[in-house]
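Welcome! Please take a moment to look over the sequence and the 3D structure below before reading on.

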Amino acid sequence: TMKISLVNPPQIQLREPLSYVSLGLGYLASSIIKEGFEPFKEVRIDNLANIDLDNIKLERADVFGISYMSVARDGVKRTVKYIRERYPESKIIVGGPHPSVDCIGTYEDIMPDIVIAGEGEKLFPKLVNEYGIENELKENLYNAGVIDDLDSLPFPARRLFDYDNVVNMGGIHGCERGVRSTTLITSRGCSFDCKFCCRGHQMYSRYRYRSAENVRDELIDIRRNYGIQHVRFVDD
């Protein structure tokens, strides 16, 4: 049975690495499960955000999908090195904000098997399925584009995170200290045009938003399953 590991790499440069659940990996996991990869235990999320670079540990998987934010470059490189040394037969797919802006540069710098630019919820399950059938892909770089209908995406698979990775009570913004809080996103892209931002890339330049009903249903879901009392909206 194919095992898929979705990895949030070490990000110890952050003040509270576990304060923001990796919604990107949560969406990716739920999309893989939606496409028929069951049972759930075969898709796992390995959150290494608070792990020192010298203490990376991962169980074997057939495919590793690594989320890459620019600030986590060292963590991503060290994670890829770890996987290559211990599981040379495994496939490594890297995606996220940084590869979406610099896909070729990411491939040349990190040297995974695949780099995905854009929003990978539709594409990643297809790539994983290809690996399962043929165990070989000819292309190294993929542009997934953007997803227009955000309501079509299943809610992030928060159940695959440790409880403490979903429910944070550290009060990174102060006001919610000691209160069960988590993150949620209601839109993607941005309608503004700040010169210091990467808005020029297609992933960020097209503003799309979820319906109020869809957001409401997720709020009910996280309140019911995690007792959430405070929500941090992390829209761009």
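What follows is a short tour, from the whole chain to a few individual residues.

**The chain as a whole**

Keep in mind from the start that this is a predicted model. The protein chain has 8 helices and 10 strands. Along the principal axes, its C-alpha atoms fill a box of roughly 45 × 35 × 35 Å. How does the radius of gyration fit with a compact globule? A compact globule of 236 residues would have a value near 18 Å, and the 17 Å of the protein chain agrees with that.

Of the 236 residues, 50% are buried. The contacts also reach far along the sequence: among those in the protein chain with a separation of 6 or more, 72% are between residues 24 or more positions apart.

**Two nonpolar cores**

The largest nonpolar core holds 35 residues, and L6, V43, I116 and F124 have the most contacts inside it. Several elements each supply at least two residues to this core: strand 1, helix 1, strand 2 (43-47), strand 5 (114-117), helix 5 (123-134) and helix 8 (212-226). Which of the elements gives the most to this core? That is helix 1, with 7 residues. A second, separate core has 17 residues, and I56, F64, A72 and I83 are included in it.

**Rings and charges**

F64 also turns up among the aromatic pairs, of which there are 3 in total. F64 and Y87 form a stacked pair, with 6.0 Å from centre to centre and 20° between the planes. This pair links distant parts of the chain, as its members are 23 residues apart: F64 is in strand 3 (residues 63-67), while Y87 is in the loop between helix 2 (73-86) and strand 4 (91-95). Are F64 and Y87 buried or exposed? Both of these residues are buried.

Two arginines lie over tyrosine rings, and the table gives their distances from the ring centres.

| Arginine | Ring | Distance from ring centre |
|---|---|---|
| R188 | Y27 | 5.1 Å |
| R232 | Y20 | 4.7 Å |

**Two cysteines**

How many disulfides does the model have? The count is 0. Two cysteines can still be placed by their accessibility. C103 has a relative accessible area of 16%, so it is buried. C190, at 19% relative accessibility, counts as buried because the cut-off is under 20%.

**A closer look at D46 and S22**

D46 is found in strand 2. Why does D46 count as buried? Its relative accessible area is 16%, and buried means under 20%. Leaving out residues up to four places away in sequence, D46 touches S5, L6, V7, N8 and L58. One of these, L6, is among the residues with the most contacts inside the largest core. The C-alpha atoms of D46 and I66 are 9.5 Å apart, while the two residues are 20 residues apart along the chain.

S22 sits in the loop between strand 1 (4-8) and helix 1 (23-34). With 11% relative accessibility, S22 is counted as buried. Which residues does S22 contact, apart from its neighbours within four places in sequence? They are N8 and F161. N8 has already appeared on this tour, as one of the residues touched by D46.

Definitions and conventions
Residues numbered from 1 in each chain as written. Predicted model: local features only at pLDDT ≥ 70, side-chain atom pairs only at ≥ 80, totals over all residues. Heavy atoms only, no water. Helix = DSSP H or I, 4+ residues; strand = E, 2+ residues; numbered from the N terminus. Buried < 20%, exposed > 50% of the residue type's maximum accessible area, 1.4 Å probe, protein only. Contact = heavy atoms within 4.5 Å. Phe/Tyr/Trp six-rings, centres within 6.5 Å; stacked < 30°, edge-to-face > 60°. Lys NZ or Arg CZ within 6 Å of the ring centre and 35° of its normal. Disulfide = S-S within 2.5 Å. Core = buried A, V, L, I, M, F, W, Y, C linked by side-chain atoms within 4.5 Å. Rg over C-alpha atoms; globule rule 2.2 N^0.38 Å.
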